[in-house]
Amino acid sequence: MIFRIAIRNLLHKPLYTVLCWLLLACSTTVLLVLWALNRQARQQLEKQIDGVDLVLGAKGSPLQLILSSVYHLDNPTGNISLAEAAPFMDNPMVESAVPISLGDSYHGFRIIGTTQAYLDKYHLKPAEGKVFGKSMEVVAGAEAARKAGLTLGSTFSGTHGLGKTGHVHEDQQYTVIGILPSTGLAIDQLLLTPLESVWDIHATHEAPHVHEEGEEHDHDHEAEEKQEAPDRQVTAVLLKFRSPMGQLTFPRMINENTNMQAAVPAIEINRLQSLLGTGAKVLRALGWLLAGLAACSIFVTLVQGTHERRYELALIRTMGGSRGKLLLLVFAEAFLLGVLGVITGIALSRVALLLLQQELFAGYHLNFSGAMPLTAADGITAAAIVGACMLAALLPAVRAFRLNIAKTLANA
Amino acid sequence: MIQTRELSYTYPGGRVIRFPDLACQAGETLLITGPSGAGKTTLLHMLAGLIPPANGTVEIAGTNIGGLNTRSMDAFRGRYIGIVFQRSHFIGSLSVRDNLMMPLHLTGSRPDKNQLQEVAQSLGIDHLLHQLPARLSQGEQQRASIARAVLPAPNVILADEPTASLDDRNCEAVARLLSEQAARHKAALLIVTHDNRLTSLFPQHIQLT
């Protein structure tokens, strides 16, 4: 009966109820979406650097080097000589060394010159076709193949640079000989080819071509053209060590003694997260602020409600309802609002994540499909919001409990 | 059914009012009249256990209600006492039907739909049960609050100025219905009023001074 009255009371004041409900739903949505994004971003960022202890590349911003060579987001810092990198790649402390060479793209999907070791790093085998062997053979990532319409046997020409427009290497055709299964990692958006493809394409240019303004310059063309085969260039080398010793000694050795740089992905990602963390903190504060506003609106609604309905409350007492029932009635209203708001918020947050997923994957190669299930943190957030509602109801509830019925009725 | 002995009340200012002893048997009606300020409402609130007397006892159905704590008093009131107020109060968000059933729900007894229908019919409000209370006229509201008071079959019905806000025609009708319902449910009916229209209707009469 008390719950019935609570529900009817809420329905009797639709405007206040909707206001509280919306505020609660919005704050829950913001907080839950932030939790999920934060959690997934961390997980995804960490998953991508799995198996990469150190990245060797041209001097420049270490974060840029990591972003370009591991996450395939930013532009590369430049090229390094494979001959110079070779001693480090062959070092006994190194378990695996994967050279990559960037520079061309197809429909915005990056063509990465590398070796089979790149696929081994992810324990991947083509779902269809086979692994590249010869120059100009391509294994396409699942997303890249789907969106660019590539199937086994398709041929295409690479575009110079990483943008959508640029010089097209028309004289050299890539052939798709394998398509990778979907992984949810950046590799889904890549076109992998042997290092030789990149070298062949750029070695055959007779004259340096005129670059349009704004075009990416990822290769030192003049140097490239003068080079002979032994001094090949790559953009970066992804290193994995056998022991933590390498992690300790390599960065110093490389940064001080060579004109290459060594960047540790774990450090750079932590730096990136602390940069982004401030923004996330502000958003989270906003979420809690909304929750606080929701609690305030519940407080105002209940204080006003219990004042306006004090005769009704007194009436319940005269009809045999105890003081505890009045307490329960006020708490029930807050609880119903809180639970309704939180449930709506949870539903909205999942819809928002579903919509965000596509965008984030395409733009940042982050796979958020794991964001859907609710975690303990979500549960605690939801409980905290309902708790805030109950706290807001405390004063009005106590007022209802202590209501002087004789006085209230006498003043009727 | 209801009996008081040497009741007195001390107002916060220190003024003390002594009330004459009164008694009312099941099925009888007792009219308590007096000018404003004579303590009519105070007496009614003491009888209903809403405020404790300074001295004296109130006995309802064999129980001295002075000995009950707040919680048991609330429960006792729901079970044994029905109250009709001068201006009827209802839970505004509930239908008339739900309002009439409320005391039964609150005291944990099983609401009887047939009985509700019967009482509503005898008071002429059976066609209004689905309405919200605010849609009813004064007279209809007062009849609904009589129905609410008698439905749990209380031993005592206390009416506080039940006819003050009604016109002559409604006044007589409501007073008649009130005593009829009380007699039918074998309850003692106490009417506290300054409404002289009622004195001619009820023979038993106590005057407060």
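This is a short walk through a predicted two-chain model, one selection at a time.

**Stop 1: chain A as a whole**

Start by selecting chain A and colouring by secondary structure. You should find 14 helices and 13 strands. Along the principal axes, the C-alpha atoms of chain A fill a box of roughly 105 × 45 × 40 Å. The radius of gyration of chain A is 31 Å, while a compact globule of 412 residues would be near 22 Å. Of those 412 residues, 43% count as buried. Contacts in chain A often reach across the sequence: taking pairs at least 6 apart, 79% join residues at least 24 apart.

**Stop 2: helices α2 and α10 of chain A**

Now select residues 14-48 of chain A, which form helix α2, and add residues 265-308 of chain A, which form helix α10. The axes of α2(A) and α10(A) come within 8 Å and cross at roughly 165°. Angles over 145 degrees count as roughly antiparallel, so that is the label for α2(A) and α10(A). Rotate until one helix sits in front of the other, and look for a left-handed crossing of α2(A) past α10(A). By class, this contact of α2(A) with α10(A) has 19 nonpolar, six polar and two charged residues.

**Stop 3: bring in helix α13**

Keep α10(A) on screen and add residues 376-401 of chain A, helix α13. Which way does α13(A) run relative to α10(A), parallel or antiparallel? The two pack at an angle of about 20°, with their axes 9 Å apart, and they are therefore roughly parallel to each other. The crossing of α10(A) past α13(A) is right-handed.

Show side chains where these helices meet. On α10(A), look for A:Ala291, A:Ala295, A:Cys296, A:Ile298, A:Phe299, A:Leu302, A:Val303 and A:Thr306. The partners on α13(A) include A:Ile385, A:Leu391, A:Leu395, A:Pro396 and A:Arg399. The class count for the α10(A)–α13(A) contact is 16 nonpolar, one polar and one charged residues.

**Stop 4: close the triangle with α2 and α13**

Hide α10(A) for a moment and leave α2(A) and α13(A) visible. Their axes come within 10 Å and cross at roughly 160°, which makes α2(A) roughly antiparallel to α13(A). The crossing of α2(A) and α13(A) is right-handed. From α2(A), pick A:Leu24, A:Ser27, A:Thr28, A:Leu31, A:Leu32 and A:Trp35; they meet A:Ala377, A:Asp378, A:Thr381, A:Ala382 and A:Ile385 of α13(A). Those residues divide into seven nonpolar, three polar and one charged. A:Ile385 also turned up among the α13(A) residues that meet α10(A).

**Stop 5: helix α11 of chain A**

Select residues 310-318 of chain A, helix α11. How many of its nine residues are buried? The count is nine of nine. Charged side chains are part of that set: A:Arg310, A:Glu312 and A:Arg317 are among the buried residues of α11(A). So are A:Tyr311, A:Leu313 and A:Ile316. Following α11(A), click on A:Gly320, where phi is positive, near 105°.

**Stop 6: two backbone oddities in chain A**

Most residues other than glycine have a negative phi. Here are two that don't. Select A:His123, with phi near 55°, in the loop between α5 (116-121) and β5 (128-129) of chain A. With 8 C-beta neighbours inside 10 Å, A:His123 counts as exposed.

Next, go to A:Met136, where phi is near 75°. You'll find A:Met136 in the loop between β5 and β6 (137-140) of chain A. A:Met136 is partly exposed, with 18 other C-beta atoms within 10 Å.

**Stop 7: over to chain B**

Switch to chain B, which has six helices and ten strands. The C-alpha atoms of chain B fill a box of roughly 50 × 40 × 30 Å along the principal axes. Its radius of gyration is 17 Å, which agrees with the value near 17 Å for a compact globule of 209 residues. In chain B, 46% of the 209 residues count as buried.

**Stop 8: where the chains touch**

Finish by showing both chains and selecting the contact: 25 residues come from chain B and 22 residues from chain A. On the chain B side, the elements giving two or more residues are α1 (40-47), α2 (70-80) and α3 (96-106) of chain B. Zoom in on α2(B), which gives the most, with seven residues. The residues on the side of chain B that touches chain A divide into eleven nonpolar, nine polar and five charged.

Terms used: Residues are numbered from 1 along each chain as its sequence is written. Chains are lettered from A and ligands numbered from 1 in the order in which they are written. This is a predicted model: local features need pLDDT of at least 70, side-chain atom pairs count only at pLDDT 80 or more; totals for chains, interfaces and linings use all residues. Axes are lines fitted to C-alpha atoms, for helices over the stretch in contact, and angles run from 0 to 180 degrees between N-to-C directions. Helices (H or I, at least four residues) and strands (E, at least two) are DSSP runs, numbered from the N terminus. Angles under 35 degrees count as roughly parallel, over 145 as roughly antiparallel, 65 to 115 as roughly perpendicular and the rest as oblique. A crossing is left-handed if the near helix is turned anticlockwise from the far one by less than a right angle, and right-handed if clockwise. Two residues are in contact if their C-beta atoms, placed from the backbone, lie within 7 Å. Ala, Val, Leu, Ile, Met, Phe, Trp, Tyr, Cys and Pro count as nonpolar, Asp, Glu, Lys and Arg as charged, and the others, Gly among them, as polar. The radius of gyration is taken over C-alpha atoms; the globule rule is 2.2 Å times the number of residues to the power 0.38. A residue is buried if 20 or more other C-beta atoms lie within 10 Å of its own, exposed if 12 or fewer, and partly exposed in between; C-beta atoms are placed from the backbone.
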